[in-house]
Amino acid sequence: MILVFPNTSRLFLFTVFTVSASAQTVATLAGEPSVKRAFEFIKRNEPEMLREQQRICEIAAPPFEESVRAAELKKLFERLGLAAVRIDKAGNVIGARPGLKPRPNLVFAAHLDTVFPPGTDLHVTHTDDVMKGPGIGDDCRGLVVMLGVIRALNEAKIATPGTITFVADVGEEGLGDLRGMKQLFGETLKGGIDAFISVDGLGAGITNTGVGSYRYKVTFKGPGGHSYGSFGMANPIQAMGRAIAKIDQFEVPERPKTTFNVGRVGGGTSVNAIPFEAWMEVDMRSSDVNELNKLNEKFKSAMNEAVAEENKRWNNRGPVSVSMELVGLRPAGQTSENSAIVKTALEVNQILGLDAHLSEGSTDANVPMNQNIPAITIGGGGSGSGAHSLNETFDAHDSWKGTQRALLLALALASEPRP
């Protein structure tokens, strides 16, 4: 079928896939002439996309300050002819590529933010195929793969039975706490998403298990005093020490993998002063919702026990109190390996001769997984090292295969009947 499809100021004739992926195998889809044209364009256009990857990566996007890079992605979405391009309350950039029908609606996402603070030198250098610079792989590569998919669909004049909504989202890293995805699924597109793909990281992996986490800043407070003259008062740092010792004794399962970590501590004013305050930051993770919640309850009990023990030790003189501020909550979830989206992703990898393996991680896909919406995260092709470091690298050897994989997967999922 041919569809007349508006694209800004001009009209194109688009090839439309008229059978769903359940009837039309991924292999058949990959053999369509229009898909072959898209594949050829992706490979031919990769040098241009690598230049775009560098350009985008040199636009700062520190935690909670993604607006400048977001504005650039909004311009690019508009130039590529996406419909209803906008920025939502959280700062996500959203643009739709309508199909014959609004549903199924596949959301295809990559995150804008990096872990690097304002003022970081973001200059990207090259040695042969290797690019080096903060964020060059995570997730500048994901953003460029997303743009590459849109360009290839336009170049090959492909329209899909369902809609693909492209999202450049905020808040994936660190204390960003997946705020972009929480906004997207909780309000902006609530109830309107049938499947979800995130492009994050490198290679050809498929993440179908979302590792959840609780993150706390725990603060211990007391009146404080002179170390000699006020000796005998409860001590916030000593209470925190008791708390850390209790955390260290937690028993957690190896499978599902469940972890805990005290990552930062602080407090006190002088070696000869009983502190009036001490604090620590704690991270707890698991791929299993029940295990994560059990650990969370154990943690909260341990904090209260540590304070009670410190106060009892000093006969409640200058008693210590504790507050537990939840600074991060990433929901855990899983998309079954027997689900259609995972089977399709594995089939796409196999057809394209890419390694097919499933993994777990903490990504934007955690949010839809937790809501039982079919969701996975895929790598953007290529390889590299040093993610989250100033020496992060991206090796572009055969990196175009990552964009081809993303395109074929998006086409297959946008052709699936609504779950």
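User: Which strands each supply at least two residues of the lining of the second largest pocket?

Analyst: First, a caveat: this is a predicted model, with residues numbered from 1 along each chain as its sequence is written; local features need pLDDT of at least 70, side-chain atom pairs count only at pLDDT 80 or more, and totals for chains, interfaces and linings use all residues. Side-chain values use heavy atoms, with hydrogens and water left out. Strands (E, at least two residues) and helices (H or I, at least four) are DSSP runs, numbered from the N terminus. The ones you're after are S12 (212–221), S14 (258–267) and S16 (277–286).

User: How much space lies in that second largest pocket?

Analyst: On a 1 Å grid over the protein atoms alone, a pocket is an open set of points where a 1.4 Å probe fits, with protein on both sides within 12 Å along at least five of seven lines; lining residues have an atom within 4 Å of a point. Points are joined across faces, edges and corners, and the volume is the space filled by probe spheres set on them. Arg215, Tyr216, Asn261 and Asp283 are among the lining residues here. The space comes to about 240 Å³.

User: By class, what lines the largest pocket?

Analyst: That pocket has a volume of about 420 Å³ and 29 lining residues, with Asp138, Asp200, Gly201, Ser362 and Thr363 nearest its centre. Strands S11 (206–210), S19 (358–361), S20 (375–378) and S21 (383–385) each put in at least two residues. Ala, Val, Leu, Ile, Met, Phe, Trp, Tyr, Cys and Pro count as nonpolar, Asp, Glu, Lys and Arg as charged, and the others, Gly among them, as polar. By that sorting, the lining has four nonpolar, 17 polar and eight charged residues.

User: Is Arg141 buried or exposed?

Analyst: Arg141 sits in helix H4 (residues 140–155). Buried means under 20% relative accessible area, exposed over 50%, and partly exposed in between (1.4 Å probe, protein chains only). Arg141 comes in at 0%, so it counts as buried.

User: With which side chain does the Arg141 side chain make a polar contact?

Analyst: A plain contact means heavy atoms within 4.5 Å, and Arg141 touches Glu46, Gln53, Phe394 and Trp400, among others. A polar contact is a pair of N or O atoms within 3.5 Å; within protein, one must be able to donate a hydrogen and the other to accept it, and residues adjacent in sequence count only if both atoms are side-chain atoms. At 3.5 Å, the partner is Thr403.

User: How many disulfides does the structure hold?

Analyst: You'd need a pair of cysteine sulfur atoms within 2.5 Å. Cys57 is buried at 0% relative accessibility, and Cys140 is buried with a relative accessible area of 0%. The disulfide count is zero.

User: What separates the C-alpha atoms of Thr219 and Leu202?

Analyst: Thr219 lies in strand S12 and counts as buried at 13% relative accessibility. Thr219 touches Glu277, Ala278, Trp279, Ser321, Val322 and Ser323, leaving aside residues up to four places away in sequence. Leu202 is 17 residues from Thr219 along the chain, and their C-alpha atoms are separated by 38 Å.

User: Which helix do the buried residues of H5 pack against?

Analyst: In H5 (residues 179–188), the buried residues are Gly180, Met181, Gln183, Leu184 and Phe185. They pack against strands S4 (93–97), S5 (105–111), S9 (163–169) and S10 (195–199), plus a helix at 366–370, which is H9.
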